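Here is a walk through the empty spaces, helix packing and backbone oddities of one model. Have the structure open as you read.

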Amino acid sequence: MIDQERIKQFLIELIKIDSLSRQEFNVAMRLKRELEELGASVLIDDAGAKVGGNVGNVIGKFPGNAPQCQPLLLSAHMDTVVPGEGIVPILEGDILRTNGQTVLGGDDKSGVAIICEVLRAIKEQKLPCGAIDVVFTICEEAGLIGAKCLDVAQFRARTGLVLDSDSVGFLFTKAPAANRMEFRVHGLEAHAGVCPEKGINAIKVAAEGIAQMPLGRIDHETTANIGVVEGGMAVNIVPNQVILKGEARSHSPEKLAQQTERMQRCLEEAAARHALELNGKHHQARIETKIERDYDRMDVPASASIVQLVQAAARNLNLDVKTGATGGGCDANILNQKGLVVANLGTGMREIHTVNEWLDLKDLYLSAQMVLEIVKLNAENNSRQE
Ligand SMILES: [Zn+2]
(Lines give C-alpha, C1' and ligand atoms only; values in the text may rest on other atoms or scores of the structure.)
Protein backbone atom coordinates (compact mmCIF):
# COMPACT_ATOMS: atom_id res chain seq x y z
CA MET A 1 0.00 0.00 0.00
CA ILE A 2 1.06 3.56 -0.48
CA ASP A 3 1.00 6.12 2.35
CA GLN A 4 -1.58 8.73 1.39
CA GLU A 5 -0.61 11.28 4.01
CA ARG A 6 3.07 11.02 3.08
CA ILE A 7 2.59 11.45 -0.66
CA LYS A 8 0.23 14.38 -0.05
CA GLN A 9 2.77 16.14 2.17
CA PHE A 10 5.61 15.46 -0.25
CA LEU A 11 3.61 16.78 -3.20
CA ILE A 12 2.82 19.98 -1.31
CA GLU A 13 6.49 20.36 -0.36
CA LEU A 14 7.55 19.98 -4.00
CA ILE A 15 4.89 22.41 -5.21
CA LYS A 16 6.28 25.07 -2.87
CA ILE A 17 9.76 24.81 -4.44
CA ASP A 18 9.84 27.12 -7.48
CA SER A 19 11.07 25.31 -10.59
CA LEU A 20 10.36 27.15 -13.80
CA SER A 21 12.07 25.70 -16.86
CA ARG A 22 15.86 26.21 -16.68
CA GLN A 23 15.54 27.00 -12.94
CA GLU A 24 15.06 23.52 -11.50
CA PHE A 25 18.18 23.50 -9.29
CA ASN A 26 16.42 23.62 -5.91
CA VAL A 27 13.91 20.91 -6.66
CA ALA A 28 16.63 18.79 -8.29
CA MET A 29 18.72 18.96 -5.09
CA ARG A 30 15.70 17.99 -2.98
CA LEU A 31 15.02 15.01 -5.26
CA LYS A 32 18.65 13.94 -5.35
CA ARG A 33 18.55 13.77 -1.55
CA GLU A 34 15.26 11.87 -1.63
CA LEU A 35 16.50 9.28 -4.13
CA GLU A 36 19.76 8.76 -2.24
CA GLU A 37 17.86 8.27 0.99
CA LEU A 38 15.80 5.63 -0.76
CA GLY A 39 18.94 3.77 -1.79
CA ALA A 40 19.61 4.93 -5.34
CA SER A 41 22.88 5.99 -6.83
CA VAL A 42 22.16 9.41 -8.27
CA LEU A 43 23.80 11.45 -10.95
CA ILE A 44 22.93 14.75 -12.56
CA ASP A 45 23.73 14.91 -16.26
CA ASP A 46 25.07 17.82 -18.30
CA ALA A 47 21.72 18.79 -19.87
CA GLY A 48 21.57 21.99 -17.80
CA ALA A 49 24.69 23.41 -19.39
CA LYS A 50 23.47 22.39 -22.85
CA VAL A 51 20.12 24.18 -22.57
CA GLY A 52 21.23 27.18 -20.52
CA GLY A 53 19.63 25.99 -17.30
CA ASN A 54 20.94 25.85 -13.73
CA VAL A 55 20.84 22.06 -13.32
CA GLY A 56 20.66 18.89 -15.43
CA ASN A 57 18.38 15.86 -15.46
CA VAL A 58 18.37 13.86 -12.21
CA ILE A 59 18.97 10.15 -12.80
CA GLY A 60 18.58 7.65 -9.99
CA LYS A 61 19.44 3.98 -10.31
CA PHE A 62 17.90 1.45 -7.95
CA PRO A 63 19.49 -2.00 -7.95
CA GLY A 64 16.25 -3.77 -6.99
CA ASN A 65 16.15 -7.16 -5.30
CA ALA A 66 14.82 -9.29 -8.16
CA PRO A 67 17.74 -9.34 -10.58
CA GLN A 68 16.01 -11.64 -13.09
CA CYS A 69 13.36 -9.00 -13.66
CA GLN A 70 13.14 -6.65 -16.64
CA PRO A 71 14.37 -3.21 -15.49
CA LEU A 72 11.77 -0.43 -15.57
CA LEU A 73 12.12 3.27 -16.27
CA LEU A 74 9.97 5.73 -14.31
CA SER A 75 10.07 9.35 -15.39
CA ALA A 76 8.48 12.72 -14.68
CA HIS A 77 9.57 16.29 -15.32
CA MET A 78 10.67 18.77 -12.66
CA ASP A 79 9.90 22.06 -14.40
CA THR A 80 6.60 23.93 -14.37
CA VAL A 81 5.05 26.58 -16.65
CA VAL A 82 4.49 30.26 -15.87
CA PRO A 83 3.06 31.81 -13.78
CA GLY A 84 4.67 29.35 -11.42
CA GLU A 85 6.65 31.23 -8.77
CA GLY A 86 5.62 31.48 -5.14
CA ILE A 87 2.85 28.92 -5.57
CA VAL A 88 0.44 28.81 -2.61
CA PRO A 89 -1.23 25.39 -2.59
CA ILE A 90 -4.69 25.35 -0.99
CA LEU A 91 -6.21 22.09 0.20
CA GLU A 92 -10.00 21.80 0.44
CA GLY A 93 -10.96 18.26 1.33
CA ASP A 94 -9.19 16.15 -1.30
CA ILE A 95 -8.90 18.97 -3.83
CA LEU A 96 -5.60 20.77 -4.16
CA ARG A 97 -5.63 24.09 -6.03
CA THR A 98 -3.96 27.51 -5.96
CA ASN A 99 -5.01 31.00 -4.94
CA GLY A 100 -5.62 31.76 -8.63
CA GLN A 101 -2.37 33.68 -9.09
CA THR A 102 -0.25 30.80 -10.38
CA VAL A 103 -0.45 27.32 -11.82
CA LEU A 104 -0.39 24.51 -9.25
CA GLY A 105 2.61 22.74 -10.72
CA GLY A 106 0.85 19.38 -10.33
CA ASP A 107 2.18 19.18 -13.89
CA ASP A 108 4.43 17.45 -13.21
CA LYS A 109 5.17 17.42 -9.47
CA SER A 110 2.34 14.88 -9.14
CA GLY A 111 4.33 12.47 -11.34
CA VAL A 112 7.48 13.12 -9.33
CA ALA A 113 5.65 12.56 -6.02
CA ILE A 114 4.10 9.30 -7.27
CA ILE A 115 7.49 7.87 -8.27
CA CYS A 116 9.09 8.80 -4.93
CA GLU A 117 6.18 7.38 -2.91
CA VAL A 118 6.23 4.10 -4.84
CA LEU A 119 9.96 3.69 -4.20
CA ARG A 120 9.48 4.51 -0.54
CA ALA A 121 6.68 1.97 -0.19
CA ILE A 122 8.83 -0.69 -1.86
CA LYS A 123 11.72 -0.01 0.47
CA GLU A 124 9.59 0.18 3.62
CA GLN A 125 7.57 -2.95 2.87
CA LYS A 126 10.56 -4.83 1.40
CA LEU A 127 8.54 -5.63 -1.73
CA PRO A 128 10.09 -7.59 -4.60
CA CYS A 129 11.13 -5.29 -7.40
CA GLY A 130 13.50 -5.29 -10.33
CA ALA A 131 16.06 -2.66 -11.21
CA ILE A 132 14.49 0.77 -11.64
CA ASP A 133 15.93 3.76 -13.49
CA VAL A 134 14.32 6.99 -12.31
CA VAL A 135 14.61 10.04 -14.56
CA PHE A 136 13.47 13.47 -13.42
CA THR A 137 13.90 15.75 -16.41
CA ILE A 138 14.37 19.48 -16.78
CA CYS A 139 12.76 21.74 -19.38
CA GLU A 140 9.94 19.49 -20.56
CA GLU A 141 7.76 22.57 -20.89
CA ALA A 142 10.46 24.37 -22.89
CA GLY A 143 10.15 21.89 -25.76
CA LEU A 144 11.15 18.54 -24.21
CA ILE A 145 14.75 19.74 -24.35
CA GLY A 146 15.86 18.07 -21.11
CA ALA A 147 14.76 14.68 -22.47
CA LYS A 148 16.33 15.49 -25.83
CA CYS A 149 19.71 15.75 -24.05
CA LEU A 150 19.36 12.39 -22.26
CA ASP A 151 21.88 9.71 -23.04
CA VAL A 152 19.63 6.64 -22.85
CA ALA A 153 22.59 4.27 -23.23
CA GLN A 154 23.21 4.72 -19.51
CA PHE A 155 19.82 3.20 -18.59
CA ARG A 156 19.38 -0.47 -17.88
CA ALA A 157 15.66 -0.15 -18.61
CA ARG A 158 14.40 -0.34 -22.21
CA THR A 159 10.76 0.17 -21.22
CA GLY A 160 8.72 2.03 -18.66
CA LEU A 161 6.37 4.87 -17.89
CA VAL A 162 6.29 8.62 -18.00
CA LEU A 163 3.87 10.00 -15.41
CA ASP A 164 2.77 13.21 -17.04
CA SER A 165 -0.82 13.20 -18.21
CA ASP A 166 -3.96 15.03 -17.13
CA SER A 167 -6.25 12.21 -18.23
CA VAL A 168 -7.07 10.12 -15.20
CA GLY A 169 -7.58 6.45 -16.01
CA PHE A 170 -5.79 6.68 -19.34
CA LEU A 171 -2.55 5.23 -20.56
CA PHE A 172 -1.43 7.22 -23.55
CA THR A 173 0.36 5.01 -26.04
CA LYS A 174 0.03 7.27 -29.07
CA ALA A 175 1.06 10.89 -29.49
CA PRO A 176 1.56 12.96 -32.61
CA ALA A 177 4.77 14.05 -34.28
CA ALA A 178 5.21 17.81 -34.45
CA ASN A 179 6.90 20.33 -36.70
CA ARG A 180 7.86 23.79 -35.52
CA MET A 181 7.81 26.57 -38.09
CA GLU A 182 9.09 30.10 -38.32
CA PHE A 183 8.20 32.27 -41.31
CA ARG A 184 9.80 35.62 -41.97
CA VAL A 185 7.65 37.69 -44.27
CA HIS A 186 9.72 40.34 -46.03
CA GLY A 187 8.03 43.42 -47.52
CA LEU A 188 9.41 46.87 -48.28
CA GLU A 189 9.61 49.82 -45.91
CA ALA A 190 8.14 53.21 -46.85
CA HIS A 191 6.56 56.29 -45.26
CA ALA A 192 2.93 55.36 -44.76
CA GLY A 193 1.62 58.89 -45.40
CA VAL A 194 4.06 60.36 -47.92
CA CYS A 195 4.68 57.43 -50.28
CA PRO A 196 2.84 54.24 -49.31
CA GLU A 197 2.95 53.15 -52.97
CA LYS A 198 6.72 52.67 -52.50
CA GLY A 199 6.15 50.06 -49.81
CA ILE A 200 5.06 46.45 -49.54
CA ASN A 201 3.15 45.85 -46.32
CA ALA A 202 4.53 42.67 -44.76
CA ILE A 203 1.64 42.54 -42.27
CA LYS A 204 -0.86 42.49 -45.12
CA VAL A 205 1.07 39.75 -46.91
CA ALA A 206 1.22 37.72 -43.70
CA ALA A 207 -2.49 38.26 -43.04
CA GLU A 208 -3.46 37.10 -46.53
CA GLY A 209 -1.31 34.01 -46.16
CA ILE A 210 -2.71 33.14 -42.74
CA ALA A 211 -6.28 33.72 -43.95
CA GLN A 212 -5.76 31.00 -46.59
CA MET A 213 -4.22 28.50 -44.16
CA PRO A 214 -6.22 25.61 -42.77
CA LEU A 215 -5.60 25.92 -39.01
CA GLY A 216 -7.00 24.38 -35.84
CA ARG A 217 -8.25 20.81 -35.99
CA ILE A 218 -7.51 19.66 -39.52
CA ASP A 219 -8.81 16.11 -39.05
CA HIS A 220 -9.08 13.53 -36.27
CA GLU A 221 -5.31 13.14 -36.07
CA THR A 222 -3.90 16.45 -37.31
CA THR A 223 -3.80 19.97 -35.82
CA ALA A 224 -2.11 23.21 -36.81
CA ASN A 225 -1.58 26.62 -35.27
CA ILE A 226 -0.01 30.00 -35.84
CA GLY A 227 0.74 31.09 -32.29
CA VAL A 228 3.02 34.11 -32.51
CA VAL A 229 2.93 37.16 -34.77
CA GLU A 230 5.63 39.81 -34.37
CA GLY A 231 6.16 42.76 -36.62
CA GLY A 232 5.81 46.43 -37.41
CA MET A 233 7.65 49.45 -36.02
CA ALA A 234 5.16 52.33 -36.01
CA VAL A 235 1.76 53.28 -37.41
CA ASN A 236 3.35 55.62 -39.95
CA ILE A 237 5.74 53.07 -41.43
CA VAL A 238 4.74 50.47 -44.02
CA PRO A 239 6.19 47.41 -42.25
CA ASN A 240 8.93 45.49 -44.01
CA GLN A 241 9.01 42.41 -41.81
CA VAL A 242 6.69 40.10 -39.89
CA ILE A 243 7.75 36.97 -38.04
CA LEU A 244 5.19 34.18 -37.71
CA LYS A 245 5.70 31.18 -35.47
CA GLY A 246 3.53 28.12 -35.70
CA GLU A 247 3.32 24.38 -35.48
CA ALA A 248 1.59 21.38 -36.95
CA ARG A 249 1.05 17.99 -35.35
CA SER A 250 -0.21 14.70 -36.66
CA HIS A 251 -0.25 11.03 -35.80
CA SER A 252 0.35 10.47 -39.52
CA PRO A 253 3.80 11.49 -40.80
CA GLU A 254 2.38 11.98 -44.33
CA LYS A 255 -0.35 14.33 -43.13
CA LEU A 256 2.18 16.24 -41.04
CA ALA A 257 4.34 16.80 -44.11
CA GLN A 258 1.31 17.85 -46.20
CA GLN A 259 0.00 20.29 -43.60
CA THR A 260 3.42 21.85 -43.08
CA GLU A 261 3.92 22.26 -46.83
CA ARG A 262 0.44 23.78 -47.18
CA MET A 263 1.10 26.44 -44.55
CA GLN A 264 4.32 27.43 -46.26
CA ARG A 265 2.63 27.50 -49.68
CA CYS A 266 -0.20 29.78 -48.48
CA LEU A 267 2.36 32.38 -47.46
CA GLU A 268 4.39 32.02 -50.62
CA GLU A 269 1.29 32.47 -52.76
CA ALA A 270 0.39 35.59 -50.80
CA ALA A 271 3.91 36.94 -51.25
CA ALA A 272 3.75 36.26 -54.98
CA ARG A 273 0.78 38.65 -55.25
CA HIS A 274 2.76 41.60 -53.82
CA ALA A 275 5.40 43.22 -56.00
CA LEU A 276 6.25 46.68 -57.30
CA GLU A 277 8.68 48.45 -59.64
CA LEU A 278 10.67 51.28 -58.15
CA ASN A 279 13.19 53.29 -60.21
CA GLY A 280 13.50 50.40 -62.63
CA LYS A 281 14.03 47.89 -59.85
CA HIS A 282 11.69 44.99 -59.14
CA HIS A 283 10.68 44.46 -55.52
CA GLN A 284 8.88 41.30 -54.48
CA ALA A 285 7.52 40.23 -51.11
CA ARG A 286 9.17 36.99 -50.05
CA ILE A 287 9.03 34.37 -47.35
CA GLU A 288 11.97 32.92 -45.47
CA THR A 289 10.97 29.60 -43.93
CA LYS A 290 12.54 27.60 -41.12
CA ILE A 291 10.96 24.22 -40.36
CA GLU A 292 12.23 21.76 -37.82
CA ARG A 293 10.97 18.47 -36.47
CA ASP A 294 10.10 19.17 -32.85
CA TYR A 295 9.55 15.52 -31.96
CA ASP A 296 8.57 12.23 -33.56
CA ARG A 297 5.32 10.45 -32.90
CA MET A 298 4.84 7.95 -30.12
CA ASP A 299 3.16 4.71 -31.09
CA VAL A 300 3.51 1.97 -28.50
CA PRO A 301 1.74 -1.23 -29.63
CA ALA A 302 -0.93 -2.84 -27.44
CA SER A 303 1.24 -5.96 -27.35
CA ALA A 304 4.16 -4.13 -25.69
CA SER A 305 5.08 -5.56 -22.29
CA ILE A 306 4.58 -2.21 -20.56
CA VAL A 307 1.00 -1.92 -21.87
CA GLN A 308 0.26 -5.50 -20.83
CA LEU A 309 1.73 -4.81 -17.43
CA VAL A 310 -0.38 -1.68 -16.89
CA GLN A 311 -3.55 -3.50 -17.93
CA ALA A 312 -2.82 -6.45 -15.66
CA ALA A 313 -2.15 -4.09 -12.75
CA ALA A 314 -5.43 -2.28 -13.44
CA ARG A 315 -7.31 -5.59 -13.42
CA ASN A 316 -5.70 -6.55 -10.10
CA LEU A 317 -6.88 -3.27 -8.58
CA ASN A 318 -10.30 -3.42 -10.25
CA LEU A 319 -9.59 -0.23 -12.12
CA ASP A 320 -10.55 0.68 -15.63
CA VAL A 321 -7.50 1.91 -17.55
CA LYS A 322 -7.97 2.64 -21.23
CA THR A 323 -5.19 3.08 -23.72
CA GLY A 324 -5.54 6.10 -25.95
CA ALA A 325 -4.06 8.76 -28.17
CA THR A 326 -3.24 12.27 -27.01
CA GLY A 327 -2.76 15.43 -29.06
CA GLY A 328 0.05 16.57 -26.80
CA GLY A 329 3.74 15.76 -26.92
CA CYS A 330 5.73 14.86 -23.81
CA ASP A 331 9.06 13.36 -22.77
CA ALA A 332 7.69 9.94 -23.76
CA ASN A 333 7.84 11.03 -27.42
CA ILE A 334 11.54 11.65 -27.06
CA LEU A 335 12.24 8.47 -25.10
CA ASN A 336 10.46 6.40 -27.76
CA GLN A 337 12.33 8.30 -30.47
CA LYS A 338 15.54 7.26 -28.70
CA GLY A 339 14.53 3.60 -28.93
CA LEU A 340 12.81 2.95 -25.59
CA VAL A 341 9.21 1.75 -25.26
CA VAL A 342 7.52 4.19 -22.91
CA ALA A 343 3.85 5.06 -22.36
CA ASN A 344 2.34 7.98 -20.43
CA LEU A 345 0.08 7.38 -17.43
CA GLY A 346 -2.33 9.92 -15.85
CA THR A 347 -1.49 11.36 -12.43
CA GLY A 348 -4.59 13.33 -11.39
CA MET A 349 -3.52 16.80 -12.55
CA ARG A 350 -6.31 18.83 -14.21
CA GLU A 351 -6.73 22.10 -16.14
CA ILE A 352 -2.99 22.24 -16.49
CA HIS A 353 -1.15 25.26 -17.87
CA THR A 354 -3.80 27.55 -16.33
CA VAL A 355 -4.09 29.31 -12.96
CA ASN A 356 -7.16 27.13 -12.38
CA GLU A 357 -5.04 23.99 -12.27
CA TRP A 358 -6.25 21.53 -9.64
CA LEU A 359 -5.75 17.99 -8.55
CA ASP A 360 -7.97 15.47 -6.80
CA LEU A 361 -5.76 13.66 -4.30
CA LYS A 362 -7.92 10.54 -4.67
CA ASP A 363 -6.75 10.31 -8.30
CA LEU A 364 -3.14 10.80 -7.21
CA TYR A 365 -3.41 7.98 -4.66
CA LEU A 366 -4.94 5.63 -7.24
CA SER A 367 -2.25 6.43 -9.76
CA ALA A 368 0.47 5.78 -7.17
CA GLN A 369 -1.22 2.52 -6.22
CA MET A 370 -1.26 1.57 -9.90
CA VAL A 371 2.45 2.24 -10.34
CA LEU A 372 3.24 0.24 -7.22
CA GLU A 373 1.18 -2.65 -8.55
CA ILE A 374 2.96 -2.41 -11.92
CA VAL A 375 6.37 -2.66 -10.27
CA LYS A 376 5.22 -5.60 -8.10
CA LEU A 377 3.67 -7.45 -11.05
CA ASN A 378 6.78 -6.92 -13.12
CA ALA A 379 8.84 -8.60 -10.41
CA GLU A 380 6.36 -11.50 -10.06
CA ASN A 381 5.91 -12.08 -13.81
CA ASN A 382 9.56 -12.41 -14.43
CA SER A 383 10.32 -14.60 -11.47
CA ARG A 384 7.50 -16.93 -12.61
CA GLN A 385 9.22 -17.23 -15.97
CA GLU A 386 12.45 -18.35 -14.31
ZN1 LIG B 1 3.83 18.00 -18.03
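## The cavity

Let's start with the enclosed space: there is one cavity of 30 Å³ or more. On a 1 Å grid over the protein atoms alone, a cavity is a set of points where a 1.4 Å probe fits but cannot get out, while a pocket is an open set with protein on both sides within 12 Å along at least five of seven lines; lining residues have an atom within 4 Å of a point. Points are joined across faces, edges and corners, and volume is the space filled by probe spheres set on them.

This is a predicted model, so local features need pLDDT of at least 70 and side-chain atom pairs count only at pLDDT 80 or more, with totals for chains, interfaces and linings using all residues. Residues are numbered from 1 along each chain as its sequence is written, and side-chain values use heavy atoms, leaving out hydrogens and water.

The largest cavity holds about 30 Å³. Around it sit Thr-80, Val-81, Val-103, Gly-105, Asp-107, Glu-141, His-353 and Glu-357. By class that makes two nonpolar, three polar and three charged, where Ala, Val, Leu, Ile, Met, Phe, Trp, Tyr, Cys and Pro count as nonpolar, Asp, Glu, Lys and Arg as charged, and the others, Gly among them, as polar.

## The pockets

The largest pocket has a volume of about 760 Å³. It is lined by 35 residues, and the closest to its centre are Glu-247, Arg-249, Asp-294, Tyr-295 and Gly-329. Strands 7 (159-165), 9 (177-186), 12 (222-231), 14 (241-250) and 17 (286-295) each put at least two residues into that lining; helices (H or I, at least four residues) and strands (E, at least two) are DSSP runs numbered from the N terminus. The lining splits into ten nonpolar, twelve polar and 13 charged residues.

The second largest pocket offers about 200 Å³. Its lining includes Leu-38, Phe-62, Pro-63 and Leu-119, and helix 4 (residues 106-124) gives the most, with three residues. Here the classes come to seven nonpolar, three polar and two charged.

## Helix packing

Helix 4 also packs against helix 2 (residues 25-37), at about 15° with the axes 10 Å apart. Axes are lines fitted to C-alpha atoms, for helices over the stretch in contact, with angles from 0 to 180 degrees between N-to-C directions. Helix 2 and helix 4 are therefore roughly parallel (under 35 degrees; over 145 is roughly antiparallel, 65 to 115 roughly perpendicular and the rest oblique). Among the contact residues (heavy atoms within 4.5 Å) are Leu-31 and Leu-35 of helix 2 and Val-112 and Cys-116 of helix 4. That contact has six nonpolar, no polar and five charged residues.

Helix 6 (residues 202-212) and helix 7 (residues 253-272) have axes that come within 8 Å and cross at roughly 135°, and are therefore oblique to each other. The contact includes Val-205 and Ile-210 of helix 6 and Leu-267 and Ala-270 of helix 7, with seven nonpolar, two polar and one charged residues in total.

## Backbone oddities

Most residues other than glycine have a negative phi, and most peptide bonds are trans. Val-82 and Pro-83 are joined by a cis bond with omega about -10°, and Pro-83 is in the loop between strand 3 (72-77) and strand 4 (90-92). Asp-107 to Asp-108 is cis too, with omega near 15°; Asp-108 lies in helix 4.

Cys-139 is not a glycine, yet has a positive phi of about 55°. Look for Cys-139 in the loop between strand 6 (132-137) and helix 5 (145-148).
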